[in-house]
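I opened a fresh page for this one and worked through it from the ligand outwards. Here are my notes, in the order I looked things up.

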Amino acid sequence: LDGLNVTIEFGQVTSLHVGAPALSVSTDTGAVLEGDVIIVATGASPRRLGVPGEAEHEHQGVSQCASCDGPLYRGRAVVVVGGGDHAVDAASTLEVAGASVTLVHPSAALDTTSVAARRIETSARIRSMPHSEVVEILGDDSVTAVVVRSVIDGSTRTVETSAVFPAVGFEVQKPPFTSELETGTGGGLAVNPDLATSDSGVFAAGAAREGFGAQWASALGDGAAAAAGALEWWRHHGDETTDGG
Ligand SMILES: Cc1cc2nc3c(=O)[nH]c(=O)nc-3n(C[C@H](O)[C@H](O)[C@H](O)COP(=O)(O)OP(=O)(O)OC[C@H]3O[C@@H](n4cnc5c(N)ncnc54)[C@H](O)[C@@H]3O)c2cc1C
């Protein structure tokens with residue numbers, strides 16, 4: 001960034017002021033930063049199952065990224081937890097990587113519009129366990145099995161596995177300062193095709209926004225798209241802001 005008129009300020013953003021004439025954010029270091037445009041890119045974290053054995057086996061068989069870790073499980077049994085698009089995509093990715101997949105989900109049917117759903121139905125290496133939930137992850141140095149409970153009668157059984165992929169959605173890092181911005185059904189900030197949020201001059205990029213593509217490459221593209229959208233917005237509204245542009 002040498003030679004560019006860019007200032008980097010370190011700190012946790014704690015509040016966002018969206019009133020006229022200028023937008024501003026405040027950080028936990030006490031700084032108040034003004035801008036004509038703000039792009040929120042605060043990310044998202046995979047939602048945890050919150051069961052015994054999950055935290056203990058993080059990176060020891062518990063993984064949030066099927067596309068990253070799938071090749072490690074070629075020829076081995078893995079469990080994917082969840083019944084939505086995220087889980088269906090993870091199960092399909094792992095099957096393609098050569099794993100045998102058990103998909104544990106609480107409902108009778110999968111709740112998905114993913115094109116990968118067809119693969120779940122037809123692949124001999126994906127087995128669906130409906131009406132079920134993982135209640136414990138077992139293992140020593142790495143995962144060896146999960147305890148699965150029936151949501152119908154409460155009975156439990158142990159399923160041997162080398163890995164568990166929780167795929168129950170993401171927690172968008174929606175800091176309190178964005179609470180007035182509209183969100184989508186997935187909890188991400190709602191945006192239009194220019195990545196503009198519901199508040200004039202505020203844009204969202206990456207995993208913080210609704211409908212994000214979940215990969216680094218998508219996040220990079222989003223950064224560029226939000227910058228382009230912001231520039232376009234500023235061309236039309238710049239003279240309404242504090243210094244007229
Ligand atoms: C375990 C795991 C493995 C992954 N592996 C891959 C992979 O191999 N390939 C791939 O393409 N994708 C992978 N992904 C997905 C990829 O990490 C995300 O798609 C990408 O990081 C999203 O980028 P982002 O900039 O939107 O958010 P992030 O990368 O999460 O960045 C958000 C940033 O905002 C900061 N922040 C949050 N709140 C505030 C605040 N209030 N004030 C200031 N800063 C704040 C955070 O500290 C963070 O630095 C993986 C994800 C996970 C969870």
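**Ligand surroundings.** I began with the residues around the ligand: there are 18, and Val13, Cys68, Ala207, Gln215 and Trp216 come nearest. For this I counted a residue as near if one of its heavy atoms lies within 4 Å of the molecule.

Before going further I noted the ground rules. This is a predicted model, so local features need pLDDT of at least 70 and side-chain atom pairs count only at pLDDT 80 or more, while totals for chains, interfaces and linings use all residues. Residues are numbered from 1 along each chain as its sequence is written, and side-chain values use heavy atoms, with hydrogens and water left out.

**Polar contacts to the ligand.** I took a polar contact as a pair of N or O atoms within 3.5 Å; within protein, one must be able to donate a hydrogen and the other to accept it, and residues adjacent in sequence count only if both atoms are side-chain atoms. Val13 places a backbone N or O atom 2.8 Å from a ligand nitrogen. Gln12 uses its side chain instead, with an N or O atom 3.4 Å from a nitrogen atom of the ligand. Trp216 offers a backbone N or O atom at 2.8 Å from a ligand oxygen. I then checked the cover: the ligand taken alone exposes 1000 Å², and the protein buries 61% of that. These areas come from the Shrake-Rupley method with a 1.4 Å probe; for residues, only the protein chains shown count as cover.

**The whole protein.** I listed four helices and 14 strands, where helices (H or I, at least four residues) and strands (E, at least two) are DSSP runs numbered from the N terminus. The C-alpha atoms fill a box of roughly 65 × 40 × 35 Å along the principal axes. Of the 245 residues, 39% count as buried; buried means under 20% relative accessible area, exposed over 50%, and partly exposed in between (1.4 Å probe, protein chains only). The protein exposes about 13300 Å², with carbon and sulfur atoms supplying 51% of it.

**Ser63.** Where does Ser63 sit? I found Ser63 in the loop between β5 (44-46) and α1 (66-69). Ser63 is buried, at 6% relative accessible area. Its side chain makes a 2.5 Å polar contact with the side chain of Asp69, and a polar atom of the Ser63 side chain lies 3.1 Å from the backbone nitrogen of Cys65. Leaving out residues up to four places away in sequence, Ser63 touches Asp69, Val164, Phe165 and Pro166, with contact meaning heavy atoms within 4.5 Å.

**Two histidines.** I looked at phi next. Most residues other than glycine have a negative phi. His59 has a positive phi of about 65° although it is not a glycine. His59 is found in the loop between β5 and α1 and is exposed, at 68% relative accessible area. His131 also has a positive phi, of about 55°. His131 belongs to the loop between β8 (126-129) and β9 (132-139), and is partly exposed at 29%.

**Leu231.** My last stop was helix α4 (residues 216-237), which holds Leu231. Is Leu231 buried, partly exposed or exposed? Leu231 is partly exposed, with a relative accessible area of 40%. I also noted that the C-alpha atoms of Leu231 and Ser67, 164 residues apart along the chain, are separated by 34 Å.
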